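Biologist: Could you take a close look at the surface of this one for me, the positive patch above all? I'd like the setting first, then the patch, then whatever else catches your eye.

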Amino acid sequence: MAAIYNSMDWSRAAGITSNNRKSHQFTHHCTNNKTKNTSPFISLLFFNSTPPPARADSSAASCSSPLVEDDAAAAVIELSLNPQDFNSPRDHKQLNALICTLFKDPQTENLAHDYYQKAKSDPDFRPERYTLKLLIRYLTRSNNWTSLFSFCQDLAQFRVLPDRPTCCRLITTCMKARKLKLVDNFLDVFLSNDVITAVLAFDSAMKGYNQLHMYSSTVVLYHRMKSHGLDLDLEPPCYYTVMEAYLKMGQHQNTIDIFRDFENRKLPDKKTGQPNSPFNYSKIYWILCESLGKTGRALEALGYFREMTKKGIPEDHSLYSSLISSFASSGNLEMAEELFREAESKKMLRDPALFLKLVLRYIEEGLMEKTLDVVASMKRVNIRVSDCIFCAIVNGYSKKRGAKSAVQVYEDLISQGCEPGQVTYASALSIYCRLGLYSKGETVFSEMEKKGYRNCVVAYSSMIAAYAKTGRTKEANMLVAKMKQRGCEPNVWIYNSILDMNGRASNMRLVEKTWKEMKRRRIVADRVSYTSVISGYNRVKEFDKCIEYYEEFKMTGGKIDKTMAGVMVAVYSKTNRVAELVELLQDMKMEGAVLDARFYSSAMSALRDAGLQVQTRWLQEMFKY
């Protein structure tokens, strides 16, 4: 049962409708008709509101309250609202209260929005801040962006803003919905009404742009703030947001300049230390150290870091990571190792990316034993050796110390409990096959399959190449079929291995079949592909096919190398194509190629047999082997 206290004629009530649109009736009990002559003032009591104080009018005392006959269904009140009936400040306050109460109930919030739309047509109506807060909540929840554009104009007209947290949430919601034009409109309204609200709203907008990776838009907003003089009121989180945008854009000097401005205005005093603030000032110092490190000013970054600790600002593991990485990148490994030990003593080694950077730097400098020290330190601080670090060490040893050393390191790290991932397994498999240790390579490949790494093209390529080199044609073809069945498409390396394997076996039918499959799958053949096919046809003495594929290779813009040149010298020599042979030799000379003894002898014999003495002397003078 809901009671509505009204001092005006109840003919203004249009009725009550519920969700099932059942009719409801007002019953009005009154002992006289004097209320018809009262002023058009409405006093409403609804839901949980307390009734207004009784009037001194005797007529009001003799009139009971109108009653609403309702059933169990929740009813939605629909009043014929006339803004002219609310012509006093008290009336407008009660109208705000009515709208707020309706907004609190999900069943009546649509009606509340309609009341607000009718009420704002009164030039004297001014919504209260709480009314605006509930209205914003309703519009954002319903994603009513068209009404929000209209609401932005209402704020500019009323010159009333909701509370500051609501304004910030409004900006954040619009940013998440990518309503950037709406954000700009609201910022303009906030700028013209309240400076502090504008600063907080700009900060929320800049954070939103950073989350969208629209860093240049963040910088534009910052300059917009400066043009309105709002940079004097920036809080530390706002400085952090602007510095982060400049850092991501690679404008490191601008980042440093923003910090200096921040340092002069907002940094805590050395004596008092960090003020009671939820913001972590070390985050700003981290951006500063990153920018200084990327500009080669690692020592200056270290100086700021030491100054930060003197001011009582807590240290952070990200600062140590930034400083260590900066010194390592600049080649000052001694200082990097000193900071590394300091960070480990303070339990500040938490960034796995830092260990990878150190490993890569040590590999670049050829300090391979140091990479194993990094692994030992990771175990001390309980950080798992990642697949990237494991693979980098194995490949580093392979490059700097040779394949045998790489295999030894791989097995040692396995014995220490390091777990390889797909990339490390693929690298180890490739090294084993390179050394001819095919049985160990098969063992590694089997481990990969057991752990679920069944779609690694590099691993398949290494195993198929190993089968091809050992003449295990059946196993190679079966493995190709298996990888296709698993949804892993062969690449050009795998097809090259198949072409070479079948070409060495003089099985040109399978060579042609593989070549057509490459065309059908739109796999672009490279120089190795053409060399394998030409070599195969040379073995079976189908020289016309060799020349056909060689001409096709040249038409695709391919550049000849020593291997292909050697095959084609033999083909032209055997077919007495002297003109083509001379042209080929000239092309090879221009590209700096060198013939081996066998093909040099073949070319010399072909030229002598053709009686081309001049070309023979030219070949003797220009080519050495």
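**A close look at the positive patch**

Modeller: Sure. The chain's secondary structure comes to 31 helices and 4 strands, and bear in mind that this is a predicted model. The chain has 625 residues, and 47% of them count as buried. Its exposed area is about 31700 Å², with carbon and sulfur atoms supplying 50% of that. As for contacts between residues at least 6 apart in sequence, 66% join residues at least 24 apart.

Now to your patch. Five names to click on: Lys 104, Lys 133, Arg 137, Arg 141 and Arg 169 form a positive surface patch. Helix H4, residues 129–141, gives the most to this patch, with 3 residues. Arg 169 comes from helix H6, which covers residues 164–176. Arg 169 counts as partly exposed because its relative accessible area is 47%, and that class runs between 20% and 50%.

There's also a nonpolar patch on the surface, so to speak a counterpart to look at: Val 195, Ile 196 and Leu 200 make it, and it comes to about 230 Å². Val 195 sits in helix H8, residues 195–211. With a relative accessible area of 41%, Val 195 is partly exposed too.

For contrast, go inside to Ser 291. This serine belongs to helix H12, which spans residues 282–294. Ser 291 counts as buried because its relative accessibility is 0%, and the cut-off for buried is under 20%. Leaving aside residues up to four places away in sequence, Ser 291 touches Leu 247, His 252, Thr 255 and Ile 256.

Back outside, two loop residues deserve a glance for their backbone. Most residues other than glycine have a negative phi. Asn 382, however, has a positive phi of about 60 degrees without being a glycine. You'll find Asn 382 in the loop between helix H17 (368–380) and helix H18 (387–400). At 72% relative accessibility, Asn 382 counts as exposed.

Arg 522 is the other one: its phi is near 60 degrees, again a positive value in a residue other than glycine. Arg 522 lies in the loop between helix H25 (508–520) and helix H26 (527–539). Its relative accessibility is 75%, so Arg 522 counts as exposed.

Notes. Residues numbered from 1 in each chain as written. Predicted model: local features only at pLDDT ≥ 70, side-chain atom pairs only at ≥ 80, totals over all residues. Heavy atoms only, no water. Helix = DSSP H or I, 4+ residues; strand = E, 2+ residues; numbered from the N terminus. Buried < 20%, exposed > 50% of the residue type's maximum accessible area, 1.4 Å probe, protein only. Contact = heavy atoms within 4.5 Å. Patch = residues over 30% accessible without salt bridge, like charges linked within 9 Å, V, L, I, M, F, W, Y side chains within 5 Å. Areas by Shrake-Rupley, 256 points an atom, 1.4 Å probe, with all protein chains shown as cover. Salt bridge = Lys/Arg side-chain N within 4 Å of Asp/Glu carboxyl O. Lys, Arg positive; Asp, Glu negative; His and termini not counted. Charge placed at Lys NZ, Arg CZ, Asp CG, Glu CD.
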